[in-house]
Amino acid sequence: MSDIKLDDLVSLAKRRGFIFPGSSVYGGLSGMWDYGPLGVKLKDNLVQMWKDFFVSSRDDMFMVDAAIIMNKKVWQASGHVDTFNDPLVECKKCHNRFRADKVDLSYCAVCGEKNSFTDSRNFNLMFSTSIGPVGDGVGEVTVDRKLLEKKLRETEDELINLKSDNESQVYLRPETAQGIFTNFKNVIDSFYPDIPFGIAQHGKAFRNEISPRDFIFRSREFEQLEIEYFVKPENWQEKFDMWVGLIRQWFEIIGLKKDMITEKEIDEKERAHYSKKTIDFEFDFPIGKEELMGLAYRTDFDLKNIENHSKKSMEYKPKDGSSSYIPHVIEPSFGVERFILAVLSSSYKTDTINGETRVFLDLPFKLAPLKAIVGPLVKNKKEIMDLSLKVFKELKSIVPDIMWDENSNIGKRYRRADEVGTPFCITIDFQSLDDDSVTIRHRNTTEQSRMNYKEAAEYIKKQYLNVN
Ligand code: ATP
């Protein structure tokens, strides 16, 4: 287990503008998180690196960006309406609800009551909403919440898994994968790629998790990066192994320590019924060893389902004239939030500088939200301020993710920069006025070197362009 405390990460993330509890000004909303300025940058960098590595640098990958709300038939065909459930229990005393497979059922952790739980029942995790001008409009509905909750409990069995036949009912997608499968034929028809090829999608997914917990690890709104890689049925094993190799490379690129990752092959009994092989990549999170991402061989399950439900052929016609067939699929599925948490856990370090404990994020250059901070040694000398601003502007035109910082003393600035993983701090001092040189301080070693400010800009630019 990681020796980093989750609370330290949550506190750093909030204090330094990475991630805030969602709707915090109104008391929050469970399972929802907002990204602040540095969180947006970190997330963007992660997603961009993912796209560069898995999509842009390859010639067998395509991206789609499907609508979040899809025809309800998508979720009926995929099995989500019937089976995307978690087991739910409710304490008969305090009425708090829990995921039955995640709690000790001998007593209620909230009110302490022993053996107080209802029988477990299936709770569908999809968020339902309606589309089009139906009902009275959200703003006009007035309900007595307490009465509604009581009624809900009374008629639990019917209500929990209500499967409405209402035409206007739709779901927020619980995964991005189905937006890929439903566009399989569109991509074939417009690009006619050779097999194997993959379709990737990045976007939001929503799950009404019974117990959202552990910071962003289990959220109700999160982002996925998913790929469906279409292969000839007889080649699945070879391509599955290829994906294991690519995923291992990806972990290295984003700086996840090897010894924090476990590859767990899932037993047949525990695997989704459509999967012939699944590997969960687990990470030593501060909360313990938990799933970071998954890799599954899904056979032709999804495309066949779509064919059956839509009555449209999902066959691939090889260019060499051989018989058409439904491709099989290897699916690597990455969760952005879990990667952010893994990256923070893996890069969070402390050391002692001049007798003081220092926290720094040892982020790879490309992931770091800020590449450098620039500032004057002192604020009260006009020439130094003028030169500092000039250096800042020139640097920023070359490497955009650079921040100006003139607040507090230089030591505190360095600590702030370290804490958000900024690789370099550039300071303009008295000597700079004589020879245009600046100091450039390195985050991990805290060592400083002196160079001409144009050289410093080139140095950082080189990192920007060359470092993976
Ligand atoms: P778990 O068993 O942890 O609930 P899962 O097996 O249901 O996860 P998948 O359906 O395989 O997850 O989803 C693919 C990936 O999406 C996961 O590996 C994870 O990275 C991410 N993910 C799934 N659910 C959540 C969530 N509630 N919050 C954040 N990320 C999630």
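User: Is phenylalanine 334 buried or exposed, and what about phenylalanine 339?

Analyst: In this predicted model, phenylalanine 334 is buried, and phenylalanine 339 is buried too. The word buried is kept for a relative accessible area under 20%.

User: What makes phenylalanine 62 count as buried?

Analyst: The relative accessibility of phenylalanine 62 is 19%. The cut-off for buried is under 20%, so phenylalanine 62 gets that label.

User: Why is phenylalanine 191 called exposed?

Analyst: Its relative accessible area is 52%. Exposed begins over 50%, so phenylalanine 191 is exposed.

User: How many aromatic pairs does the structure hold?

Analyst: There are 30 aromatic pairs in the structure. One of them joins phenylalanine 62 and phenylalanine 191, and it is tilted.

User: How do you know that phenylalanine 62 and phenylalanine 191 form a pair, and why is the pair called tilted?

Analyst: The ring centres are 5.1 Å apart and the planes make an angle of 50°. Centres within 6.5 Å count as a pair, and an angle that is neither under 30 degrees nor over 60 is called tilted. Both tests are met, so this is a tilted aromatic pair.

User: What makes this a link between distant parts of the chain?

Analyst: Phenylalanine 62 belongs to strand β3 (residues 61-64), while phenylalanine 191 belongs to helix α8 (residues 184-191). The two are 129 residues apart. Phenylalanine 334 and phenylalanine 339 also form a tilted pair, at 5.8 Å centre to centre with 40° between the planes.

User: Which residues form one aromatic cluster with Phe334 and Phe339?

Analyst: The cluster also includes Trp50, Phe53, Phe54, Tyr229, Trp243, Trp250, Phe251 and Phe281.

User: How do you know that lysine 319 lies over the face of tyrosine 192?

Analyst: Lysine 319 is 4.9 Å from the centre of the tyrosine 192 ring and lies over its face. The limit is 6 Å, so the distance passes. Arginine 441 lies over the face of tyrosine 414 in the same manner, at 4.3 Å from the ring centre.

User: Why is strand β15 described as largely enclosed by the rest of the structure?

Analyst: Strand β15 covers residues 328-335, and eight of its eight residues are buried, so the rest of the structure largely encloses it. His328, Ile330, Pro332 and Phe334 point one way, and Val329, Glu331, Ser333 and Gly335 point the other way; all are buried. Side chains in a regular strand alternate between the two faces of the sheet.

User: Which strands pair with β15?

Analyst: Strand β11 (residues 221-231) pairs with β15 in the antiparallel sense over six bridges. Leucine 225 stands opposite phenylalanine 334 of β15. Strand β14 (residues 288-299) also runs antiparallel to β15 and is joined to it by six bridges. Here glycine 294 has serine 333 of β15 as its bridge partner. Two bridges are the minimum for pairing, so β11 passes with six, and β14 passes with six as well.

User: What makes β6 and β7 stand at the edges of their sheet?

Analyst: The sheet is open, its three strands come in the order β6-β5-β7, and the pairing is antiparallel. β6 (97-99) and β7 (121-124) each have a single partner strand, so one side of each has no neighbour in the sheet. Neighbouring strands are turned by 50° against each other on average, direction ignored. Strand β5 (residues 85-90) pairs with β6 over three bridges, and glutamate 90 stands opposite arginine 97 in β6.

User: What makes the approach of arginine 218 to the ligand a polar contact?

Analyst: A polar side-chain atom of arginine 218 lies 2.7 Å from an oxygen atom of the ligand. The limit for such a contact is 3.5 Å, so this one qualifies. A backbone N or O atom of serine 219 lies 2.8 Å from a ligand nitrogen atom, and for a polar backbone atom of phenylalanine 217 the distance to a ligand nitrogen is 3.2 Å. Of the 15 residues around the ligand, Glu209, Arg218, Ser219, Glu291 and Leu292 come nearest.

User: Why does asparagine 305 count as buried?

Analyst: Asparagine 305 has 15% relative accessibility, and the cut-off is under 20%, so it counts as buried. It is placed in helix α10 (residues 301-310). Its side chain reaches the backbone oxygen of alanine 77 at 3.1 Å.

Terms used. Residues are numbered from 1 along each chain as its sequence is written. This is a predicted model: local features need pLDDT of at least 70, side-chain atom pairs count only at pLDDT 80 or more; totals for chains, interfaces and linings use all residues. Side-chain values use heavy atoms; hydrogens and water are left out. Rings of Phe, Tyr and Trp (its six-membered ring) pair if their centres lie within 6.5 Å; planes under 30 degrees apart count as stacked, over 60 as edge-to-face and the rest as tilted. Helices (H or I, at least four residues) and strands (E, at least two) are DSSP runs, numbered from the N terminus. Buried means under 20% relative accessible area, exposed over 50%, partly exposed in between (1.4 Å probe, protein chains only). A charge sits over a ring if NZ of Lys or CZ of Arg is within 6 Å of the ring centre and within 35 degrees of the ring normal. Axes are lines fitted to C-alpha atoms, for helices over the stretch in contact, and angles run from 0 to 180 degrees between N-to-C directions. A residue is near a molecule or strand if one of its heavy atoms lies within 4 Å of it. A polar contact is a pair of N or O atoms within 3.5 Å; within protein, one must be able to donate a hydrogen and the other to accept it, and residues adjacent in sequence count only if both atoms are side-chain atoms.
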